[in-house]
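Reader: Hi! I have a new model open and would like to talk it through with you. Could you start with the ground rules?
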Amino acid sequence: MQKEIDKRIIVIATIVAITAILYFPVHQFEFQDFDDDLYVTENQQVQKGLSIDSLRWAFSFKNKESTYWHPLTWLSHMLDVQLFGLK
């Protein structure tokens with residue numbers, strides 16, 4: 001039983017380490033602006049980052065004529081702006 005738990009911990013630690021190593025360079029990359037003007041660069045709600053008002057907006061259907069309703073995507077963009085700005 002103990003060996004099985006040890007193997008699981010080693011596998012999990014290995015997966016976490018490999019993932020961290022592979023994704024570490026992303027902090028140096030510039031923001032890619034392909035079609036993100038509606039979603040990030042010109043979206044005032046997203047540029048505010050995470051707040052109570054932006055959470056309400058993300059789950060509402062208000063002012064979303066040219067985009068889809070997908071609150072988790074909005075929250076992800078808001079979290080990115082909160083953590084990294086528009087970099």
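Author: Happy to! One term first: a salt bridge here is a side-chain nitrogen of Lys or Arg within 4 Å of a carboxyl oxygen of Asp or Glu. This is a predicted model, where local features need pLDDT of at least 70 and side-chain atom pairs count only at pLDDT 80 or more, while totals for chains, interfaces and linings use all residues. Residues are numbered from 1 along each chain as its sequence is written, and side-chain values use heavy atoms, with hydrogens and water left out.

Reader: Thanks! How many salt bridges does the structure hold?
Author: The structure holds one. Asp 53 pairs with Arg 56, and their closest N and O atoms are 3.3 Å apart.

Reader: Where do Arg 56 and Asp 53 sit relative to each other in the helix?
Author: Both are in helix α4, and because they are three residues apart, about one helical turn separates them. Helices (H or I, at least four residues) and strands (E, at least two) are DSSP runs, numbered from the N terminus. In general, an α-helix has 3.6 residues a turn, so residues three or four places apart point the same way.

Reader: Are Arg 56 and Asp 53 buried or exposed?
Author: Arg 56 counts as exposed because its relative accessibility is 56%. Asp 53 is partly exposed, with a relative accessible area of 49%. The cut-offs are under 20% relative accessible area for buried, over 50% for exposed, and partly exposed in between (1.4 Å probe, protein chains only).

Reader: And Ser 54, buried or exposed?
Author: Ser 54 is in helix α4 too, and it counts as buried because its relative accessibility is 1%. Leaving aside neighbours within four places in sequence, Ser 54 is in contact (heavy atoms within 4.5 Å) with Gln 45, Gly 49 and Met 78.

Reader: Which residues make up the largest nonpolar core?
Author: That core has nine residues: Tyr 39, Val 40, Val 46, Trp 57, Ala 58, Trp 74, Leu 75, Met 78 and Val 81. Helices α2 (37–41), α4 and α5 each supply at least two of them, and α5 gives the most, with four. By nonpolar core I mean a set of buried Ala, Val, Leu, Ile, Met, Phe, Trp, Tyr and Cys residues joined through side-chain atoms within 4.5 Å.

Reader: Switching to the outside: what makes the nonpolar surface patch?
Author: Leu 50, Ile 52, Leu 55, Leu 79, Leu 83 and Phe 84 make a patch of about 560 Å². Patches are made of residues with over 30% relative accessible area and no salt bridge: like charges are joined within 9 Å, nonpolar side chains (Val, Leu, Ile, Met, Phe, Trp, Tyr) within 5 Å. Accessible areas come from the Shrake-Rupley method with a 1.4 Å probe, and for residues only the protein chains shown count as cover.

Reader: Which helix gives the most to the nonpolar patch?
Author: That is α5, with three residues. Both α4 (52–59) and α5 (71–84) supply at least two. Leu 55 lies in α4 and counts as partly exposed at 33% relative accessibility. Leu 83 is in α5 and is exposed, with a relative accessible area of 55%. Leu 83 and Leu 50 are 33 residues apart in sequence, with 9.6 Å between their C-alpha atoms.

Reader: Nice. How many residues of α1 are buried?
Author: Zero of its 22 residues, so α1 is hardly covered. Helix α1 covers residues 2–23 and reaches 32 Å from its first C-alpha to its last, close to the 32 Å expected at 1.5 Å a residue. The expected span is 1.5 Å times one less than the number of residues.

Reader: And what does the whole chain look like?
Author: The chain has five helices and zero strands. Buried residues make up 21% of its 87 residues.
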